[in-house]
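Here's a quick tour for anyone who likes to start from the ligand and work outwards. Have a look at the sequence and model first.

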Amino acid sequence: MLEVQGLSLHYDRHVALDNVSLKVGKGETVVILGANGAGKSSLLKGIAGLVRPAAGSRIRFNGIPIETASPHHVLETGIALIPEGRGVFGDLTVSENLALGAYARRARDERETSFELVFGLFPRLAERRRQFVNTMSGGEQQMVAIGRALMSRPELLMLDEPSLGLAPVVVHELFRSLDLVRQSGLSLLIVEQNVRLSLEIADRGYLADAGRITGQGTASVLLDDPAVKRAFLGAAV
Amino acid sequence: MLVTAILSGLVLGGTYALLAMGLTLQYGIARIMNLAYGELIIVAAFLAYTLFATLGLSPVWTLFIAIPAGFALGWGIYGVLMQPLVRRARTPAGLEIDSILATFGLLFVIQGLLLVSFGANFTSYSYLNVAVDVFGTKLAANRLIALALAVVLGGAIYFALTRTLWGTALRAVSVSPVSASLVGIDVDRAARTAFALGGALAAAGGVVISMYQTFTATSGVVFTMKALIIVIMGGVGNILGALSAGLVLGLAETLVATYVDPGLTLATTYGLFIAILLWRPTGLFGRAAR
Ligand SMILES: Nc1ncnc2c1ncn2[C@@H]1O[C@H](COP(=O)(O)OP(=O)(O)OP(=O)(O)O)[C@@H](O)[C@H]1O
Ligand SMILES: [Mg+2]
């Protein structure tokens, strides 16, 4: 479904991604693991159209080339990104945020069903409809971010470090919700620091380092991989 | 006298609110500091004057020409002058500086054209300059109509921006352009629309002003300054802030002119401006998108 081939990305002269290739299949959940500065966010931004990839990069979604598409065009093809820091509209209310989620043409007709779906997944958002998002807790804001992304009726949902800054209990709750989203048939591409939890809901994973993909495997293999254990899970495990 | 002063203050404040809403759309959503904003106001004022003087056309009818024309002009100026700047800008601050320089130039071009066409004289025309009875005091009918227009136009744009998905999308761009693009909003188009809407509001404001004030080819700068002050007092990009700060300023100026000294109106403007910013540095309502 998503095919990235030879994706390179520079900020001026700084090379953030160098010839990266990866795939996400329909209904598949894929995790990208890597140290700070490995280029994980740049990868998601490149796919989402926020940063223009270098010439020669190829990104296809359901066969449609999107490497030069603007963010709003990428969204219309069915890819939603929840960026690092969530990207919610803090000065707007919960319902305004969710309504904007369904701004995309592909989502407008299904707006009402989408609202029900999101409120079914996060009943707390239904109670807080009129609350301004910047007055909510981190976990609640993450619900708004996921809810808003789901409102656009994506086929692929990309999340950049969704657990960042959340308390452990809240992180568990978050991954339970993501698991439900996954079971509904969506594909997920997740960048996460919480390696264990993310690999537990994932099918496959990629290892990224210094702008390159250095390894890949199924989630269960990666969980037992000594190199992954050393780098991310603590050697004592 | 108090009722008269308050009514006149509301007329002036309503006009200010209209002008400030336009500028806050341009500055808050399109992120363009338009120094030629006041010139657009004056162009519309001269349009109303010319149509009234030559064809006897009521300024209320002129609005139906001026508003679409202001929108089209804003749309065009954005496409020709601003889009290249937006494309090459790397940061919002960079765009702000570039747009200040570009619109500073535009200011003199428009002002020059106005001076050539109309000269530097004070201009006014007498439209419905008859006193009517309101709450036991007399007020010129043209001011009353100006107030009604400001309420209707300001209310309509406020409603559109806060109660429709289209308007919510525009406000979302002012909160965060990146996040807006991630929900599928074409940010460039939204910015252009906001800039054009600002042009429409400036034109409407110009026509309304011409109904009850004298103006010259060079008074645009004053209106730009006033609108900018109101925008900052209300909180940049904040529609409700522009509305309320506009009304407050109009009332304050009129009350001071009536009860203290007309020479102190500018001092009032800046005094209020400084006081509000000392009290709330991000404006009455903060840099929000209400
Ligand atoms: N806007 C930018 N301008 C210049 N360099 C950038 C920019 N954004 C990222 N970089 C650089 O590109 C490299 C990859 O950054 P990126 O944010 O993609 O890494 P990351 O894997 O997401 O890191 P983290 O785990 O810290 O979020 C880093 O060296 C970073 O400094
Ligand atoms: Mg990152």
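## Who sits around the ligand

In this predicted model, ligand 1 has 14 residues around it, and the closest are Gly37(A), Lys40(A), Ser41(A), Ser42(A) and Glu84(A). Sort that shell by character and you get seven polar, four nonpolar and three charged residues.

Which elements of chain A feed the shell? Strand E2 (14-24) and helix H1 (40-48) each put in at least two residues. H1(A) makes the largest contribution, with three residues.

## Polar contacts and cover

Oxygen atoms of ligand 1 turn up in a few contacts worth clicking on. From the backbone, an N or O atom of Gly39(A) sits 2.9 Å from a ligand oxygen, and one of Ala38(A) is 3.2 Å from a ligand oxygen. His14(A) joins in through its side chain instead, with an N or O atom 3.1 Å from an oxygen of ligand 1.

How much of the ligand's accessible area does the protein cover? On its own, ligand 1 has 640 Å² of accessible area, and the protein covers 63% of that.

## Over to chain B

Chain B comes with an annotation from an unreviewed UniProt entry: "transmembrane region" is assigned to residues 6-25, 37-55, 61-81, 101-120, 140-161, 193-215, 227-251 and 263-280.

Two of those spans are easy to check against the model. Residues 37-55 of chain B are 100% helix and 0% strand, with 27 Å between the end C-alpha atoms. Residues 193-215 of chain B come out at 87% helix and 0% strand, and their end C-alpha atoms are 28 Å apart.

Notes:
Residues are numbered from 1 along each chain as its sequence is written. Chains are lettered from A and ligands numbered from 1 in the order in which they are written. This is a predicted model: local features need pLDDT of at least 70, side-chain atom pairs count only at pLDDT 80 or more; totals for chains, interfaces and linings use all residues. Side-chain values use heavy atoms; hydrogens and water are left out. UniProt positions are given in the numbering used here, feature names are shortened, and annotations may be inferred rather than shown by experiment. Helices (H or I, at least four residues) and strands (E, at least two) are DSSP runs, numbered from the N terminus. A residue is near a molecule or strand if one of its heavy atoms lies within 4 Å of it. A polar contact is a pair of N or O atoms within 3.5 Å; within protein, one must be able to donate a hydrogen and the other to accept it, and residues adjacent in sequence count only if both atoms are side-chain atoms. Accessible areas come from the Shrake-Rupley method with a 1.4 Å probe; for residues, only the protein chains shown count as cover. Ala, Val, Leu, Ile, Met, Phe, Trp, Tyr, Cys and Pro count as nonpolar, Asp, Glu, Lys and Arg as charged, and the others, Gly among them, as polar.
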